[in-house]
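Subject: Structure handover, charged and aromatic contacts

Hello,

Here is the structure for your next round of work. Please open it first, then read the notes below.

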Amino acid sequence: MPESKPSVLFVCVHNAGRSQMAAAFLTHLSEGRVEVRSAGSAPADAVNPAAVQAMAEAGIDLSAETPKTLTVEAVQASDVVITMGCGDTCPVFPGKRYLDWTLDDPAGQGVGAVRPIRDEIERRVRGLLAELGIDRA
């Protein structure tokens, strides 16, 4: 059993779709074995309703989530930082692992367009769990 659990930060521009879905999947699938954060470089006012609906279809409730502002502290406190189109606005610190997941932006899309994005995020999160050495029960 590791002494401390890994910490992952998901970052996108609005923190209203991709990063929220990724954080929710990682929280759900890791069963508390990963510290999960999400943030945006320019957070929206609310989580994308199509993302909330798509995640509800997967059995995960995002309805109480709110977009959060990306802070230097959040990056410093994370072992892995996964960007999803935040460009150069994400601060970079030595010793952190950075990944960039290129995914379609669900902003302005209906739930039908968000489902494949959700499914790809779930696939990548499952791969991340394996890389972190966290097995699913």
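Let me start with a question: is Glu 131 buried or exposed? Glu 131 is exposed, at a relative accessible area of 51%. The cut-off for exposed is over 50%, so Glu 131 falls in that class. Keep in mind that this is a predicted model.

**Salt bridges**

The structure contains 11 salt bridges. Here are some of them.

Glu 131 pairs with Arg 97, and their closest N and O atoms are 2.4 Å apart. Glu 131 sits in helix H4, while Arg 97 belongs to strand E4 (residues 97-100). The two are 34 residues apart in sequence, so this salt bridge ties together separate parts of the chain. Arg 97 is partly exposed, with a relative accessible area of 33%.

Helix H4 also supplies Arg 118, whose partner Glu 57 is in helix H2. For this salt bridge, the closest N and O atoms are 3.3 Å apart. Arg 118 and Glu 57 link distant parts of the chain, 61 residues apart. H4 covers residues 111-131, and H2 covers residues 49-57.

How accessible are these two partners? Arg 118 is buried, with a relative accessible area of 9%. Glu 57 is partly exposed, at 41%. The limit for buried is under 20%, so Arg 118 qualifies, whereas Glu 57 does not.

Which residues are linked with Glu 57 and Arg 118 in a network of salt bridges? Arg 115 and Asp 119 join them there.

One more pair is Glu 31 with Arg 33. Their closest N and O atoms are 3.5 Å apart. Glu 31 is partly exposed, with 46% relative accessible area. Arg 33 is partly exposed too, at 28%.

**Aromatic contact**

How many aromatic pairs does a search of the whole structure find? The search finds one. The partners are Phe 10 and Trp 101. Their ring centres lie 5.8 Å apart, with 55° between the planes. That geometry is tilted, because 55° is neither under 30 degrees, as stacked requires, nor over 60, as edge-to-face requires.

Phe 10 is in strand E1 (residues 7-12). Trp 101 is in the loop between E4 and H4. The pair links distant parts of the chain, 91 residues apart. Phe 10 is buried, at 0% relative accessibility. Trp 101 is buried as well, with a relative accessible area of 9%.

Best regards

How values were computed
Residues are numbered from 1 along each chain as its sequence is written. This is a predicted model: local features need pLDDT of at least 70, side-chain atom pairs count only at pLDDT 80 or more; totals for chains, interfaces and linings use all residues. Side-chain values use heavy atoms; hydrogens and water are left out. A salt bridge is a side-chain nitrogen of Lys or Arg within 4 Å of a carboxyl oxygen of Asp or Glu. Buried means under 20% relative accessible area, exposed over 50%, partly exposed in between (1.4 Å probe, protein chains only). Helices (H or I, at least four residues) and strands (E, at least two) are DSSP runs, numbered from the N terminus. Rings of Phe, Tyr and Trp (its six-membered ring) pair if their centres lie within 6.5 Å; planes under 30 degrees apart count as stacked, over 60 as edge-to-face and the rest as tilted.
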